[in-house]
Amino acid sequence: MPRRPRPRTPAAGISRRRFVQTTAVAAGALAFTYIPSSVFGANERVNLASIGVGGKGAGEVNDLSNAGCNIVALCDVDLDRAAGTIKKHPSAKVYRDFREMLDKEHKNFDAVSVSTPDHMHAPASVWAMELGKHVYCQKPLTHSIYEARVMRETARKYKVATQMGNQAHAGEPIRRGVELIQAGMLGAVREVHAWTNRPIWPQGMSERPAKMDVPSTLDWDLWLGPAPQRDYNKAYLPFNWRGWWDFGTGALGDMACHIMDMPYWALDLEYPDSVEAVSEGNTIESGPRWSTITYQFPARGKRASGVEQPAVKYVWYDGRKSGKDNAPIDLLEGEQVKKWDLIVIGDHGKMWFNRGNTNFKVTPADRLEEFQKSTPRTIMRVPNEDAEFVAACKGGPAALSNFDYAGAFSEMVLLGNVAIRAGEKIEWDGKNMKVKNSKNAQQYVQRDYRKGWTLHMPRA
């Protein structure tokens, strides 16, 4: 088992000059912070080790390299799937076990990216942070609520730069949407409805697939990691693991950290009081074919702008129900159902929002026109989420989807899966991670790790 080296201070050996410039939005408007990509010189690169470098991981390695990272180590349990990334970075050391990589290479890198299946996010990220490493981890941040809380606490303890990979959080549509809602464009917001066409992989399975021979390039035991012992079957890899509770978090875990983000941020929602789920096809092995999840959030007082923050009902819809997308058709007012979208409903209007564009639809339309003119851009703007993370690693402003925000957000998202699996309405004490009304539901807040695996790095 790896040694526990002394944690390094954040960005050790890296310049801590601030990569920011202030730009006026308009005459008389407040200024906002912008991190230009041009500041990342070759002599200022962050040394990066990447865990999970095939598929989505391959793209993340490429993006972080372009944003200013020097790739020094690569880790993947399937060398065939990782072959393209390994070839592209021939000087990087290659490993299969991230624990071995962290043990042998920790002196040679400053940051880690984690692009594994959901069940490996937390152990890989926590071990890296306990070595004083900055961490970029894909969404959802973790497989369980408890792990998300540990991720938040570990990032705070070691004072490392962190970011979850809900990429649109760094984009103009979400950041502008947050500004407009917080300025009062819709008045007091009381409802949000969000949906996706996921799952686009199999869900609703009641039995595990039969044992198959493990491909020679894959270390199946390492792929399982802390998950329960299961026989290999190609039904799990490389993508369909998302539908199995042992490894993935279903349609909700896959997409909610993207789609639910803007209103969660804009409305300062944090912990819900209760969550109730209706679904079809949920089993002990697999997520449901479709679900509708209703989160109830408490009132939060007035914002500094004077906007009231009343109790909010936030409803999530996924999958296909009776052959049609499970979306709130009655609220769309004739708008075409898209693969994913959301509606924010306030006392003074509605906003149809898609994280991919700034052509917002607001009714009444004059509210949008008025607030676009009068609302300054006060939230930090960045070229993209990778540049934002790299700048944070170098001592610049914290990435805005850092683990403090993303951990709380992921806890909220994953609570929906607790409601699905328990099959009952949950009364939730978010601060203490307790289901107040059900011992049955509490079992899904934290998972057991397979023998030989730990969430925290073993102490010497």
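User: Which helix gives the most residues to the lining of the second largest pocket?
Analyst: The model is predicted, with local features kept at pLDDT of at least 70, side-chain atom pairs at pLDDT 80 or more, and totals for chains, interfaces and linings using all residues. Residues are numbered from 1 along each chain as its sequence is written, and side-chain values use heavy atoms, without hydrogens and water. A pocket here is an open set of points on a 1 Å grid where a 1.4 Å probe fits, with protein on both sides within 12 Å along at least five of seven lines; lining residues have an atom within 4 Å of a point. Four residues of that lining come from one element, helix 12.

User: Where does helix 12 lie?
Analyst: Helix 12 spans residues 403-422. Helices (H or I, at least four residues) and strands (E, at least two) are DSSP runs, numbered from the N terminus. Helix 12 runs at about 40° to strand 8 (axes are fitted to C-alpha atoms, over the stretch in contact for helices; angles run from 0 to 180 degrees between N-to-C directions). In contact terms (heavy atoms within 4.5 Å), helix 12 lies across strand 7 and strand 8.

User: Which strands does helix 11 lie across?
Analyst: Helix 11 covers residues 385-393. Its direction is about 160° to strand 7. The helix lies across strands 3, 4, 6, 7 and 8.

User: In what order do the strands of the open sheet stand?
Analyst: Six strands take part, and their pairing is parallel. Two strands pair if DSSP finds at least two bridges between them. The order is 5-4-3-6-7-8.

User: Why is one side of strand 5 and of strand 8 left without a neighbour in the sheet?
Analyst: Strand 5 (93-95) and strand 8 (162-165) each have one free side because each has a single partner strand. Both stand at the edges.

User: Which residue of strand 5 is the bridge partner of Cys 75?
Analyst: Strand 4 (residues 69-75) pairs with strand 5 in the parallel sense, over three bridges. In strand 5, Cys 75 is matched by Tyr 95.

User: Which elements give two or more residues to the lining of the largest pocket?
Analyst: That pocket has 42 lining residues, and Ser 115, Thr 116, Pro 117, Pro 238 and Trp 241 lie nearest its centre. The elements are helix 1 (56-67), helix 7 (220-224) and helix 8 (250-259).

User: How many residues does helix 8 give to that lining?
Analyst: Helix 8 gives the most to the lining of the largest pocket. The number is three.

User: Which residues are closest to the centre of the second largest pocket?
Analyst: The second largest pocket is lined by 20 residues. Closest to its centre are His 143, Arg 421, Gln 443, Tyr 444 and Arg 447.
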